[in-house]
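Please keep the model open while reading these notes, and look for each element as it is named. The points go from one part of the fold to the next, and each can be checked by eye.

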Amino acid sequence: MRKKVIVFSQFDQEIQARLASRYQVVVLNPKAGDINQQIRQEVIDADAMIGAGRLLNESNLEPAQKLKIISSVSVGYDNYDVQYLNQKKIWLSNTPHVLTESTADLAFTLLMSAARKVASLDQWTKQGEWKRTVGTAQFGQDVFGKTLGVIGLGNIGAAIARRGFYGFNMNIIYHNRREKLDIAQPLNAQYKSLEELLQQSDFVVVAVDLNQDSQALMGKKEFALMQKHAVFINIARGSVVDEQALIEALQQKQIFAAGLDVYQREPLQESPLFQLDNVVTLPHIGSATAETRKKMAELAYQNLIDALEDRTPRYLVNSNFN
Ligand code: NAP
């Protein structure tokens, strides 16, 4: 009997067809009713799951009897209850590295857009507000030669720092839970406490993974430490930021601007952020280029078939169940 694979979110059609040529593939459809109910029903006899962007935990995985792997088409894995997966001896794999440069490009796009008011001035121009030469209200902040503070100098954080260092002659400072000398040295990046980084940066970019220590890492106190002309960028996860505190900092012009790709609740439907012209809001598109999404799908596919064909997948989040 063919092994059963559940596709639990939109997925690359060509790779899905490849999956279907080897396995029995069940594609969940959110329009067909409660998605968690569909998961509970289908997971009973499933061998593998592939997709992204769904909360998978005891509440919907409990009926699984032989699930071997959840292959996530993402690098972040905060949607999954890893402790529960360990308990059930279910592998979780992810897709690191292949999305690093696209996500760093997006972080820099947000940084430049927020610094130079690109999004709001685009609207302003299209609305016919450009009637005479621009004034101070349209002025932005220089990027070249400024101080870039990276919170979370990991794969993506380092790629952002490289853009700042080599492309914009920026002074790089960073904060991690542990110093990253190997990444920092070529960029002449100095390690700082979170407080020092916030006080000294012209641009603060958050690129941490979401974990117990990074939950609500940026709150009222942290935004108050930032400089008035500073720009805040978040491409990590919404829950790293106390969103209400950020909204207040932007409303009160405690900081110059923000650029956001991620939010506490996604999709972002209604928010006071929509009333602010000093924030650029994007719909979680860090890795969303055709090339990168293809590479992520390929890698997730490879992780999945490795598991189903009794090989150890290359990118396992949890490999030791004891
Ligand atoms: P990574 O290589 O694991 O880097 C994460 C870094 O964050 C690590 O260096 C880690 O170092 C640091 N970190 C973790 N907790 C911290 C804390 N409390 N304070 C300071 N630093 C902390 O992962 P990556 O590939 O760069 O991806 C990072 C995250 O970006 C992903 O987990 C995902 O959530 C997000 N992401 C978003 C998008 C998007 O579409 N917007 C796309 C891709 C990824 P220490 O453990 O030493 O502190």
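**Notes on the predicted model**

1. A useful place to start is the residue just after helix α7, where Asn-169 takes a positive phi of about 50 degrees. Please bear in mind throughout that this is a predicted model.

2. The helix that comes before this residue, α7, covers residues 155–168, which makes 14 residues, and from its first C-alpha to its last it reaches 19 Å, close to the 20 Å expected at 1.5 Å a residue. Its buried residues are Ile-156, Gly-157, Ala-158, Ala-159, Ile-160, Ala-161, Arg-163 and Gly-164. These buried residues pack against two helices, α5 (100–115) and α8 (181–184), and against the strands β6 (147–151), β7 (171–175) and β9 (203–206).

3. How do α5 and α7 meet? They pack at an angle of about 55 degrees, and their axes are 8 Å apart. An angle of that kind means that α5 is oblique to α7, and α5 passes α7 in a right-handed crossing. On the α5 side the contact is made by Thr-100, Glu-101, Thr-103, Ala-104, Asp-105, Ala-107, Phe-108 and Met-112, while α7 contributes Asn-155, Ile-156, Ala-159, Ile-160, Arg-162, Arg-163, Gly-164 and Phe-168.

4. One residue of this contact deserves a separate look, namely Thr-103, which has its place in helix α5. Is Thr-103 buried or exposed? Thr-103 has a relative accessible area of 6%, and buried means under 20%, so Thr-103 counts as buried. Leaving out residues up to four places away in sequence, Thr-103 touches Ile-156, Ile-235, Gly-286 and Ser-287.

5. Turning to the sheets, an open sheet of seven strands has the order β8-β7-β6-β9-β10-β11-β12, and its pairing is parallel. The strands at the edges are β8 (190–191) and β12 (279–281), and each has a single partner strand, so one side of each is left without a neighbour in the sheet. As general background, the strands of a sheet pair through backbone hydrogen bonds, either parallel or antiparallel.

6. Within this sheet, strand β11 (residues 257–260) runs parallel to β12 and is joined to it by three bridges, and Ala-258 stands opposite Val-279 in β12. Helix α11 (residues 243–251) packs on the sheet, where it touches β10, β11 and β12, and its direction makes about 140 degrees with that of β11. Helix α5 lies across β6, β9, β10 (231–234), β11 and β12, and runs at about 150 degrees to β10.

7. Which residues does Ala-257 contact, once its neighbours within four places in sequence are left aside? They are Ala-114, Ala-230, Val-231, Phe-232, Leu-250 and Asn-278. Ala-257 has its place in strand β11 and is buried, with a relative accessible area of 3%. Ala-257 and Ala-114 are 143 residues apart along the chain, yet their C-alpha atoms are separated by 5.8 Å.

8. There is also an open sheet of five strands, in the order β2-β1-β3-β4-β5, and here too the pairing is parallel. Its edges are formed by β2 (24–27) and β5, each with a single partner strand, so one side of each is left without a neighbour in the sheet. From one strand to the next the twist averages 20 degrees.

9. The pairing in this sheet can be followed strand by strand. Strand β1 (residues 4–7) runs parallel to β3 and is joined to it by three bridges, and the bridge partner of Ile-6 in β3 is Met-49. Strand β3 (residues 48–51) pairs with β4 in the parallel sense over four bridges, with Ser-72 of β4 as the bridge partner of Gly-51. Three bridges then join β4 to strand β5 (residues 91–93), again running parallel, and Trp-91 of β5 is the bridge partner of Ile-69.

10. The last point concerns strand β4 (residues 69–72), which is covered on both faces: Ile-69 and Ser-71 on one side, and Ile-70 and Ser-72 on the other, are all buried. In a regular strand the side chains alternate between the two faces of the sheet. Helix α12 (residues 290–308) lies across β1, β3, β4 and β5, and runs at about 170 degrees to β4.

Definitions and conventions:
Residues are numbered from 1 along each chain as its sequence is written. This is a predicted model: local features need pLDDT of at least 70, side-chain atom pairs count only at pLDDT 80 or more; totals for chains, interfaces and linings use all residues. Side-chain values use heavy atoms; hydrogens and water are left out. The expected span of a helix is 1.5 Å times one less than its number of residues. Buried means under 20% relative accessible area, exposed over 50%, partly exposed in between (1.4 Å probe, protein chains only). Contact means heavy atoms within 4.5 Å. Two strands pair if DSSP finds at least two bridges between them. Axes are lines fitted to C-alpha atoms, for helices over the stretch in contact, and angles run from 0 to 180 degrees between N-to-C directions. Angles under 35 degrees count as roughly parallel, over 145 as roughly antiparallel, 65 to 115 as roughly perpendicular and the rest as oblique. A crossing is left-handed if the near helix is turned anticlockwise from the far one by less than a right angle, and right-handed if clockwise.
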